[in-house]
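Here is a short briefing on one helix and one ligand site. Start with the structure itself.

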Amino acid sequence: MGNSPNLTTGPLAASIILTGAPGSGKGTQASILARRRSLPHLSTGDLFRSHIARGTELGRAAQRHIDAGHYVPDEVTNAMVRDHIERTAPDGRIILDGFPRTRAQVDFLDTLLTDVVVLNLVVEPAELLRRLEHRATVGGRSDDAAEVVRERLALYAVESEPVLAAYRDRGLLRDLDGAGELHAVARRIDEALATLPAASC
Ligand code: ADP
């Protein structure tokens with residue numbers, strides 16, 4: 001590791017998808033990675049929340065799904081992602097967090113980006129609950145209420161399987177330990193990227 005190329009600032013051939021359950025820290029890690037690699041970052045959850053805050057038509061279409069802990073329909077989400085990628089990542093390199101989340105979204109993303117690698121942050125369920133409960137006490141998100149959190153975790157457990165399997169079958173996925181301190185997780189991400197040929201060439 002000590003004499004490996006500078007992975008945090010070196011050239012990056014692929015887009016990076018961060019996946020993980022609600023509370024896994026994918027949003028935080030995606031922000032760190034985007035800053036360090038100077039790449040655009042799309043969090044579909046953040047983008048939906050910004051539309052809701054601005055009262056756009058898209059925000060109105062998304063809100064009831066989000067507040068119930070359900071996914072926004074694929075057609076709505078895919079159109080938003082396509083528009084955002086075309087505007088912010090015309091060269092097809094971006095950090096994605098929260099997308100794709102369904103098998104249909106994987107197929108759609110295949111039509112938009114050619115090279116992707118996937119980092120899956122694995123955190124045990126008790127720790128996820130602890131983190132989400134803490135986030136609920138510091139406030140901010142309407143979907144952090146206890147019953148909605150349960151719904152989001154259950155949905156993730158079902159929907160993530162085919163998404164992860166699709167990328168695992170292609171050899172593009174790494175499972176990473178998402179427990180522990182933020183910088184330790186960031187280091188594991190850098191190490192994993194070094195083992196994914198498309199990301200380190
Ligand atoms: P979490 O990591 O807790 O799921 P996010 O901020 O990533 O939080 O997402 C919040 C909500 O936004 C989701 O529960 C869902 O309703 C909606 N959402 C985000 N990304 C997608 C997506 N790719 N497809 C459908 N709905 C999405």
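What covers the buried residues of H2? Strand E2 (41-43), helix H3 (57-67), helix H4 (74-88) and strand E3 (95-97) are included in that cover. Contact here means heavy atoms within 4.5 Å.

This is a predicted model: local features need pLDDT of at least 70, side-chain atom pairs count only at pLDDT 80 or more, and totals for chains, interfaces and linings use all residues. Residues are numbered from 1 along each chain as its sequence is written, and side-chain values use heavy atoms, with hydrogens and water left out.

**Helix H2**

- Helix H2 spans residues 44-54, and its buried residues are Thr44, Gly45, Leu47, Phe48 and His51.
- Buried means under 20% relative accessible area, exposed over 50%, partly exposed in between (1.4 Å probe, protein chains only).
- These buried residues sit on the same side of H2, because they cover an arc of only 165° around the axis.
- The arc is taken from the directions from the helix axis to the C-beta atoms.
- Ala53 and Arg54 are exposed, on the face of H2 turned away from its buried side.
- Gly55 follows just after H2 and takes a positive phi of about 70°.
- Helices (H or I, at least four residues) and strands (E, at least two) are DSSP runs, numbered from the N terminus.

**Ligand site**

- The ligand has 18 residues around it (a heavy atom within 4 Å).
- Lys26, Thr44, His70, Arg101 and Arg152 come nearest.
- A backbone N or O atom of His70 lies 2.6 Å from a ligand oxygen atom.
- For Val72, a backbone N or O atom lies 3.1 Å from a ligand nitrogen atom.
- Arg101 places a polar side-chain atom 2.6 Å from an oxygen atom of the ligand.
- Taken alone, the ligand exposes 540 Å², and the protein buries 97% of that (Shrake-Rupley method, 1.4 Å probe).

Key
A polar contact is a pair of N or O atoms within 3.5 Å; within protein, one must be able to donate a hydrogen and the other to accept it, and residues adjacent in sequence count only if both atoms are side-chain atoms.
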